[in-house]
Amino acid sequence: MAYENIIVEITDHVCLIKLNRPKALNALNSQLVAELSDAVRQAETNDKVRCMIISGCDKAFAAGADISEMSEKTFVDVVTDDLFGASLLPIQNANKPIIASVAGYALGGGCELAMMCDFIICADNAKFGQPEINLGVIAGIGGTQRLTRFVGKSKSMDMHLTGRFMDAEEAERSGLVSRVVPLKRLAEVSLSIAIKIAEKSQISVKAAKQAVNRSYETTLSEGLLFERRVFHSMFATEDQKEGMTAFIEKRDPHFRDK
């Protein structure tokens, strides 16, 4: 698939996916979403890729869904097409870690896309928001659900009902993002984090991702049981033996994903 709205590069076992509609502030139209989902699917099956980064430009990660593309659609149109449903499942269901590297605006669908990733690194100029209320609609790509889980009911309700933006400092304080870095260092820091993840045992990385995600889908007791059983299963791997032996021998481990 030839990409017109994203740029894809693989370096150091990391797939860098850059949204590339700068004149539209990377608004998510159907073509961009299709290309992004295809790029993630390709990365998932590429043995050279061990982690992914989704980024935008300095001004915008993604300023929302493409309103001009949606404005004339009817209820029947969006239900029939399942707008923003199955088309984004490759990102939501990815086994490999995906980091959102956010600068500038991450609004509406852009904020929702960032939250679909495993965690968010943002620049100090980042602004997050779910301003769909200003358009006479509500969030439709998980905004009411994921944002509430990240920042709590009060802040989520505030943002969804007023349309206000959250700056980088508040986003970190509220637990929406994991780190805030200077804009000029965002790409460098995001890549260094992805490379660090790529160096780990990919069996353990996948297991950790599944266990953390399970915490949102089940009760505490069931989640603890799931975690413990996955932890136990790690003792059947060569990487567990290597990791613990390396620790005892005071050397770096050499994982083989076995």
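## Ile133 and its surroundings

Ile133 lies in the loop between strand 8 (127-129) and helix 6, where helices (H or I, at least four residues) and strands (E, at least two) are DSSP runs numbered from the N terminus. The model is predicted, so local features need pLDDT of at least 70 and side-chain atom pairs count only at pLDDT 80 or more, while totals for chains, interfaces and linings use all residues. Residues are numbered from 1 along each chain as its sequence is written, and side-chain values use heavy atoms, with hydrogens and water left out.

With a relative accessible area of 35%, Ile133 is partly exposed, a class that falls between buried (under 20% relative accessible area) and exposed (over 50%), computed with a 1.4 Å probe on protein chains only. Leaving aside neighbours within four places in sequence, Ile133 is in contact with His160, Leu161, Thr162 and Gly163, contact meaning heavy atoms within 4.5 Å. The C-alpha atoms of Ile133 and Met159 are separated by 9.3 Å, although these residues are 26 residues apart along the chain.

## The four-stranded sheet

Strand 8 belongs to an open sheet of four strands in the order 4-6-8-9, in which the pairing is mixed; two strands pair if DSSP finds at least two bridges between them. Strand 4 (60-62) and strand 9 (165-167) stand at the edges with a single partner strand each, so one side of each has no neighbour in the sheet. Neighbouring strands of this sheet are turned by 20 degrees against each other on average, direction ignored.

Strand 8 and strand 9 run antiparallel and are joined by three bridges, with Lys127 standing opposite Asp167 in strand 9.

## Helix 5 and its packing

Helix 5 lies across strand 4, strand 6 (105-107) and strand 8, and runs at about 90 degrees to strand 6. Axes here are lines fitted to C-alpha atoms, for helices over the stretch in contact, and angles run from 0 to 180 degrees between N-to-C directions.

Helix 5 (residues 109-116) also packs with helix 6 (residues 143-151) at an angle of about 60 degrees, their axes being 10 Å apart. The two helices are therefore oblique to each other, given that angles under 35 degrees count as roughly parallel, over 145 as roughly antiparallel, 65 to 115 as roughly perpendicular and the rest as oblique. The contact is made by Glu112, Met115 and Met116 of helix 5 together with Gly143, Arg146, Leu147 and Phe150 of helix 6.

## The six-stranded sheet

Another open sheet consists of six strands in the order 1-2-3-5-7-10, again with mixed pairing. Its edges are strand 1 (6-11) and strand 10 (179-181), each with a single partner strand, so one side of each is left without a neighbour in the sheet.

Within this sheet, strand 5 (residues 98-102) and strand 7 (residues 119-123) pair in the parallel sense over four bridges, and Ser101 has Ile121 of strand 7 as its bridge partner.

## Two residues with positive phi

Most residues other than glycine have a negative phi. Asn26, which is not a glycine, has a positive phi of about 60 degrees and is placed in the loop between strand 2 (14-19) and helix 1 (30-44). Lys250 likewise has a positive phi, near 55 degrees, and is found in the segment after helix 12 (238-248). Asn26 is buried, with a relative accessible area of 0%, whereas Lys250 counts as exposed at 77% relative accessibility.
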